[in-house]
2 protein chains.
Amino acid sequence: MAKSPKISASHEPGGLIVHISGLLPSLSPAEQRVARLVVSDPADAARRTITDLATAAETSEATVIRFCRSVGMDGYPQLRIRLAAEAARRVEPPDARVVGGDIPPGADLAQIIATIAFNDARAVEETAEQLDPAVCERVVDAIVAAGRIEVYGAGASGFVASDFQQKLHRIGRTAFYFPDVHTALTSAALLGKGDVAVGISHTGTTSDVIEVLEQARARGASTVALTNSPRSPITEVADFVLTTAARETTYRSGAMASRLAQLTVVDVLFVGVAARNRARARKALEATAEAVQSHRVGSGRRRA
Amino acid sequence: MAKSPKISASHEPGGLIVHISGLLPSLSPAEQRVARLVVSDPADAARRTITDLATAAETSEATVIRFCRSVGMDGYPQLRIRLAAEAARRVEPPDARVVGGDIPPGADLAQIIATIAFNDARAVEETAEQLDPAVCERVVDAIVAAGRIEVYGAGASGFVASDFQQKLHRIGRTAFYFPDVHTALTSAALLGKGDVAVGISHTGTTSDVIEVLEQARARGASTVALTNSPRSPITEVADFVLTTAARETTYRSGAMASRLAQLTVVDVLFVGVAARNRARARKALEATAEAVQSHRVGSGRRRA
DNA sequence: CCACGGATGAAACTTACTTTCACGAGCCGC
DNA sequence: GCGGCTCGTGAAAGTAAGTTTCATCCGTGG
């Protein structure tokens with residue numbers, strides 16, 4: 001099979017299910033139907049024959065096979081076995097919790113809290129499970145060695161980009177974030193070999209971010225994509241691809257779990273970079289903390 | 001299909017492998033060869049095709065089928081799946097999870113990932129557990145009824161404030177966020193009864209935020225504090241206090257888990273508000289999503 | 001409007017699984 | 001010792017599952 005030349009996590013160690021949900025948006029409609037069945041009840045899918053599954057997904061066997069290939073399996077039997085193994089491993093409590101689902105119309109606040117927390121926590125955990133330490137390592141290498149780092153993101157991902165920029169900055173790395181595309185583009189044009197550009201896009205289809213990343217790459221900078229869709233367009237302009245694993249219910253919910261997943265990855269990179277030079281990072285952190293000290297009342301301690 | 005009339009093996013409870021080794025002696029020689037292969041490496045057996053397994057056991061496919069029936073399976077595919085599940089279950093992960101701890105100096109990326117994800121997920125879950133739905137409800141009431149909403153936050157909490165503002169805005173609430181204290185102060189001075197001011201501060205001691213919240217309160221606005229310290233100064237100027245439960249790890253001030261906890265609370269409020277008027281919120285969300293559509297490439301899909 | 005490319009299912013095809021059947025070894029009873 | 005019997009066995013036939021091919025359909029961009 002054609003190996004992608006870029007470094008991305010093609011392994012799905014964390015879990016096949018998570019891997020599939022990540023790929024879901026990159027699948028064709030018919031394949032998505034199959035994917036949803038599989039994700040919603042892996043054990044059941046493993047029991048079904050290909051014809052049976054195809055019928056349940058209201059499609060043809062051919063599509064099921066295509067789906068298998070899309071998620072990296074050789075064929076249906078392999079998928080079946082992996083699914084069975086996966087289902088067995090996760091002793092999933094038959095919790096009534098709505099996984100990745102929408103909040104029901106009549107829900108009260110307590111339900112809303114439980115649902116959101118559950119999905120948020122899952123997104124964080126699943127993202128961590130499927131993150132490839134090797135790719136992270138290489139990204140950390142690049143950042144540590146970088147002359148300059150730029151982080152791009154639009155909309156909700158913009159906050160994450162901004163957060164990342166600020167974190168890197170606080171430990172003494174030269175990092176920038178530009179909310180404005182034009183500024184970002186001009187800045188990216190000034191990047192060069194040894195610099196690092198990080199593009200954040202949940203869907204992986206944000207053209208502004210892709211464009212800027214492309215520009216950065218053309219100038220010789222190392223490019224990193226942080227997205228939920230391992231096969232989205234942004235991955236084509238990235239040297240390194242880091243994926244999150246948030247099962248977001250489309251725009252209905254706004255970007256909720258996805259932000260948390262992205263932030264978790266940002267934290268990992270941050271700590272990874274900081275760990276490379278503990279002393280220096282610590283000193284920088286202390287200095288910056290001290291700088292805002294006068295803007296705190298009391299000692300951060302309390303008193304009623 | 002003709003059901004086998006013979007007394008089939010009872011539900012093998014302990015485990016398929018154990019079950020098979022148990023009745024190994026009662027099998028015919030050729031079947032025993034198959035059984036031994038299966039027992040010695042279930043995962044491997046699951047990967048093989050029936051012909052393959054038959055060859056390895058130096059027997060025919062027919063014998064393998066007979067073996068399947070002997071151990072209580074319907075046929076080979078079922079055995080395969082059960083085997084895969086079994087194998088997966090017994091390969092328990094070397095769960096050396098770093099509980100709530102620090103990131104050790106020599107930690108590699110995999111450890112860092114595990115630690116961060118664990119703490120982040122915990123922060124989210126614990127925050128949800130101790131969130132008071134009644135208080136949330138009243139805050140939601142206030143926001144729904146508000147003429148204007150302002151959100152304040154500095155540093156890392158500023159990103160959260162900004163995120164909250166943007167979310168409220170997307171569902172049609174009039175919300176503001178000011179990165180600059182002076183602007184925030186002047187704006188707060190223009191608030192009045194029925195308006196809502198939300199102050200976000202992890203430590204609860206950020207004087208800028210407290211000051212602005214105080215101003216807002218003096219003008220008659222309802223004030224909400226979102227903090228990790230239930231008795232910190234900020235709570236003294238707040239009508240409603242929402243607390244997070246992040247036990248921030250090392251890399252002090254990195255504000256890692258705390259952000260996620262804050263964002264979870266933001267999500268709860270957001271969904272709570274949106275749920276009050278589903279139709280309108282949905283329409284607003286769709287309209288805003290559509291607005292950025294032209295800034296996306298493709299349909300989010302892509303092939304390798 | 002047409003050319004193009006992707007998505008899709010029908011049908012042809014291949015492989016895997018299952019059943020049938022005949023052979024041969026052991027085991028009586030005559 | 002020799003039919004008749006049972007049982008384990010694999011070869012081969014038969015069926016079902018999985019895979020490939022291909023014509024059609026649909027949206028997209030020229």
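Colleague: Which helices each supply at least two residues of the surface near DNA strand C?
Modeller: This is a predicted model; local features need pLDDT of at least 70, side-chain atom pairs count only at pLDDT 80 or more, and totals for chains, interfaces and linings use all residues. Residues are numbered from 1 along each chain as its sequence is written, with chains lettered from A and ligands numbered from 1 in the order written. Near means a C-beta atom, placed from the backbone, within 6 Å of the strand; helices are DSSP runs (H or I, at least four residues), numbered from the N terminus. The helices are α2 (29-40) and α5 (61-70) of chain A, with α4 (50-56), α5 (61-70) and α6 (76-90) of chain B.

Colleague: Which residues come nearest to DNA strand C?
Modeller: There are 19 residues around the strand. Nearest come S28(A), S60(A), I50(B), G75(B) and Y76(B).

Colleague: Which residues of α8(A) are buried?
Modeller: Buried means that 20 or more other C-beta atoms, placed from the backbone, lie within 10 Å of the residue's own. In α8(A), that holds for V135(A), C136(A), V139(A), V140(A), A142(A) and I143(A).

Colleague: Why do they line one face of the helix?
Modeller: Look down the axis of α8(A) and take the directions from the axis to the C-beta atoms. The buried residues line one face because they fall within an arc of 160 degrees.

Colleague: How many residues of α6(A) are buried?
Modeller: L79(A) and R80(A) are among them. The helix is largely enclosed by the rest of the structure, because the buried residues number ten of the 14.

How values were computed. Buried ≥ 20, exposed ≤ 12 C-beta atoms within 10 Å, placed from the backbone.
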